[in-house]
Each structure stands twice: as structure tokens, then as C-alpha cells.
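Please consult the sequence and the 3D structure shown here. The explanation below is meant to be read alongside them.

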Amino acid sequence: MRIGIIGAGIGGLVAALALQRDGHGVTVFERQQRPGAIGAGLSLFGNAFTALDAVGVGELVAPLTSKDVAMLAAGQRRPSGRWLVRMPPDASASLRVLHRADLHDALSSALRSGTLRPASEATVATDGSPTLMAAGSSESFDLVIAADGIRSDARRSLGLDPGVRYAGYTAWRGVTRTAVNVHGEAGETWGRGRRFGVAPLPDGRVYWFATQTLPPGTEFEDERQAILDRFGDWHDPIGELVEATDPSAVLRHDIHELARPLASFVRGRTILLGDAAHAMTPDLGQGAGQAIEDAASIALLLRRHKVDDAVRIYDRVRRPRSQAIARRSRTAGRIAQFSAPLAAHLRDTALTLAPARIVGSAVHRVQTWTPPQ
Ligand SMILES: Cc1cc2nc3c(=O)[nH]c(=O)nc-3n(C[C@H](O)[C@H](O)[C@H](O)COP(=O)(O)OP(=O)(O)OC[C@H]3O[C@@H](n4cnc5c(N)ncnc54)[C@H](O)[C@@H]3O)c2cc1C
């Protein structure tokens, strides 16, 4: 089959590789000249690796990661450094952390040459027929996959767009220039309306993130200084991690998600995949994981079914799971960002009392993926 993909993000690239390895003719249209060249770290869990393995892409990604991160003590801490809750070891056993740029490079360089068309913006047909317009001409396919991100034009053109919603907080991300010792501890530290997360990369550099509840569009003259002003007096090694990061490499994004779950991921022979279908808050570290599950699902379904059946089943299996995870992620983010003193105090007390068994089983459901039939 001939398959046209819009977007060379993680979702589009995994779909492209999986489908190309199954013998399909794949073209990826990407509006940027150098997609994925920037970015910080990324957490992926067992569900993403099961999906990558199911379509033969796992062995490309595994060397970019290390099991060491799963050996660290993880969970939630107070700004003083005292643990609120430690994750049971099996809840973080499948966690791997990698650098986004490494993942993009590995995936895109494994595509056959000529598959990826950079600097090429594509638009879908509004009735979902598998035709793409790019550079003033139209190309026909048997299936179109729109993996064009949270602000997907394809979703709008297909009449499926609910708009996006500000989640109420902003997030900074960075990776230290050199290795920093985290003393065997990672995870998140929760204050009031603020969080700081630590996730070491396989080479000892550390991916970190920081959040704050703020009005959308808030600007800072010096982003790194803004983080130091807010988190500099939190426990070690938070200040050291921020100081060890190039100011120009600090990223910040106001966090958005889809305003409502979509009624369908499919129109005709055009499907939405990844953030285009279910952009969620990053609170469970599952946005890319769900994009990878989508990509593996459509590839596996096309091995067993005719294209029209495959897209129908794709919609049936992918919507409930990805939308439930998006809902949980939103709830987790709201709780984690509590800024009123009483609410934050009650949250912290509940966390210290939460039985590890319950925390572990909720996490297990999210981190387990079953291939569609
Ligand atoms: C702060 C933060 C932290 C996160 N942390 C994690 C994490 O730890 N783990 C995790 O799993 N997820 C995480 N996520 C979510 C994750 O980054 C996304 O879910 C994932 O990258 C989405 O991938 P995608 O391929 O669907 O979309 P994108 O990565 O947005 O890719 C879309 C691509 O389509 C291209 N494009 C758009 N329109 C067109 C067009 N018309 N023609 C051609 N090309 C087009 C864009 O240029 C882009 O390259 C995080 C997100 C944020 C904001």
C-alpha cells in the first residue's frame, strides 16, 4: 500500500518505520527543515517498549536508553528533600529516559532515503479521502496518517477539532551540560503550585523539568534565572542541575491539551495519530508513549485486515485507552499543581498514607499495552 504521513515527530516516524518494514510505500511530509533537532529528555515506559518491539523498532531505541534509571529511588519529595512517597520498585521498573534528539536521529536515519520530505507542508482532503496537497501538487495514497501534533491542521480540516485548552501551568525543561551526581534519587519534588523533576540520562547528564501554575503567556527575561528564583532553595541537587544547564538550552512551554476528547480519530481513509488525536498533559509521561502505541497499532492492524477494517478497529481500540490516559494525566496534573496551602497539605498527607500496592496497580495498567487483534 502507499501511505502518506504528515509529521516527522515521534508518532509519525515510528509509524513510518513500522509500515516501511512491513513493505508499504511510505512518504513522510514534514514542514520543518530539521525536525526534532531540539528538545530535552523524554521518559518512556514499558507500554512504549512493548509497542516498539511489536513492530520491530525496539532494537533501534533500546541502545539510546539504560536500565540504570529504574534502579534509582523514585517517587515524590517535599522541597526539603523528605520523601512523601516512594514508588514501589515495580512501578518504575520499566522506565527509561532518553534524549529526544537521539530518538529523532535514530528513527529518521533508519528510514529509507527519500522517505522523509523536509520543509514540505502537507494538507489533507476535508472528506478524508487519502490525498495530500504539498508544494502545490496533489498526491494520492491508500491511507493518510496525520501525525501533525497538538495544533493539527488536519484535525481542523477533517471537522474533528475541539480546540486546545491551557492546563493552568507552564513547564521548563533542560539537560545538564555534563554528568551530575543525583545520589541515587530521582522523581519529582512537589511544592505549592510548583514541581521539579529529575531523570538522569544514560550518559550521566540529567534531564530535569520544573513547573509553575501561572497565567498563560507569562514572559521572563531570563528563563534560567526565573527557575533559580523559584527552586534555588529546594533540596540538592536541584540548584546544581539548573546551574549546570546552558541558559540557551532551557526550554519553556505553556502546557496545553485537547479541550475535549475526539468523537473519532478517523475520517474516511485519513487517521489522526499521536498528539493530533489525543494531546494530553505531560503529567504521566505518556504523550509520546501513546503516539507510539497508535503507530504500532495501525501497523499491526494493516498486517491482518483490509485498510477500511484496519482504520475502523484502530479508532475502536485507540480512543478509549488514549483518552482514559489523557483524563488521568489531567487529574494527576491538577493535584500535583495544587497551590492553596490547605489543598497542598491534604494532598501531601494523602500521599504519605497511600499504600504502595494501590499506587503500583494504577501505574501498572497505564504501563501495559496489549496489541490489537
Ligand atoms: C513539557 C513536556 C514534557 C513531555 N514529556 C513527555 C515524556 O516524558 N514522555 C512522553 O511520552 N511524552 C512526553 N511529552 C509529550 C510528547 O512530547 C508528545 O506527546 C509527543 O512528542 C507527540 O508526538 P507527535 O509525533 O504526535 O507530535 P509532534 O512531536 O508535535 O510532531 C508533529 C510534527 O508534525 C509537523 N507538522 C505539523 N503540521 C504539518 C503539516 N501541515 N505538514 C507537514 N508537517 C507538519 C511538525 O513540524 C512536527 O514535526 C511531553 C510534552 C511536554 C510539552
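The following paragraphs treat the sheets, the aromatic contacts and one helix in turn. The model is a predicted one.

The account begins with an open sheet of 7 strands, arranged in the order β5-β4-β13-β14-β15-β12-β16 and with mixed pairing. Strands β5 (83-86) and β16 form its edges, each of them pairing on one side only. On average, neighbouring strands of this sheet are turned by 20° against each other, direction ignored. Within the sheet, strand β4 (residues 75-77) and strand β13 (residues 187-190) are paired in the parallel sense over 2 bridges. One residue to locate here is R77, whose bridge partner in β13 is T189. The side chain of R77 has a further contact: its charged end sits over the ring of W83, 4.7 Å from the ring centre.

A second open sheet consists of 3 strands in the order β8-β9-β10, and its pairing is antiparallel. Strands β8 (122-124) and β10 (137-140) are at the edges with a single partner strand each, and therefore one side of each has no neighbour in the sheet. Here the average turn between neighbouring strands is 30°, direction ignored. Strand β9 (residues 131-134) runs antiparallel to β10 and is joined to it by 4 bridges. The bridge partners in β10 can be followed residue by residue: T131 is matched with S140, and M133 with S138. Together β9 and β10 form a hairpin with 2 residues between the strands. In the turn of this hairpin, A135 has a positive phi of about 50°.

Attention now passes to the aromatic side chains. The structure holds 7 aromatic pairs. One of them is formed by F196 and W208, which are stacked, with 5.6 Å from centre to centre and 15° between the planes. The angle of 15° falls in the stacked class because planes under 30 degrees apart are counted as such. F196 belongs to strand β14 (residues 194-200) and W208 to strand β15 (residues 206-213), and the two residues are 12 residues apart. Both F196 and W208 are buried. These two residues also belong to a cluster, in which ring pairs link F196, W208, F231 and W234. Beside F196 in the sequence, R195 lies over the face of Y169, at 5.2 Å from the ring centre.

What is the geometry of the aromatic pair formed by F265 and Y314? This pair is tilted, with 6.5 Å from centre to centre and 55° between the planes. F265 lies in the loop between β16 (251-258) and β17 (266-267), whereas Y314 lies in helix α10; the pair therefore ties together parts that are 49 residues apart in sequence. Both residues of this pair, F265 and Y314, are buried.

Y314 leads on to helix α10 itself. This helix comprises 30 residues (residues 307-336). At 1.5 Å a residue, α10 should span 44 Å, and the distance of 42 Å between its end C-alpha atoms agrees with that expectation. The helix nevertheless has a kink of about 30° at R318, shortly before the proline P320.

Notes: Residues are numbered from 1 along each chain as its sequence is written. This is a predicted model: local features need pLDDT of at least 70, side-chain atom pairs count only at pLDDT 80 or more; totals for chains, interfaces and linings use all residues. Side-chain values use heavy atoms; hydrogens and water are left out. The expected span of a helix is 1.5 Å times one less than its number of residues. The bend at a residue is the angle between axes fitted to the seven residues ending there and the seven starting there. Two strands pair if DSSP finds at least two bridges between them. Axes are lines fitted to C-alpha atoms, for helices over the stretch in contact, and angles run from 0 to 180 degrees between N-to-C directions. Rings of Phe, Tyr and Trp (its six-membered ring) pair if their centres lie within 6.5 Å; planes under 30 degrees apart count as stacked, over 60 as edge-to-face and the rest as tilted. Buried means under 20% relative accessible area, exposed over 50%, partly exposed in between (1.4 Å probe, protein chains only). A charge sits over a ring if NZ of Lys or CZ of Arg is within 6 Å of the ring centre and within 35 degrees of the ring normal.
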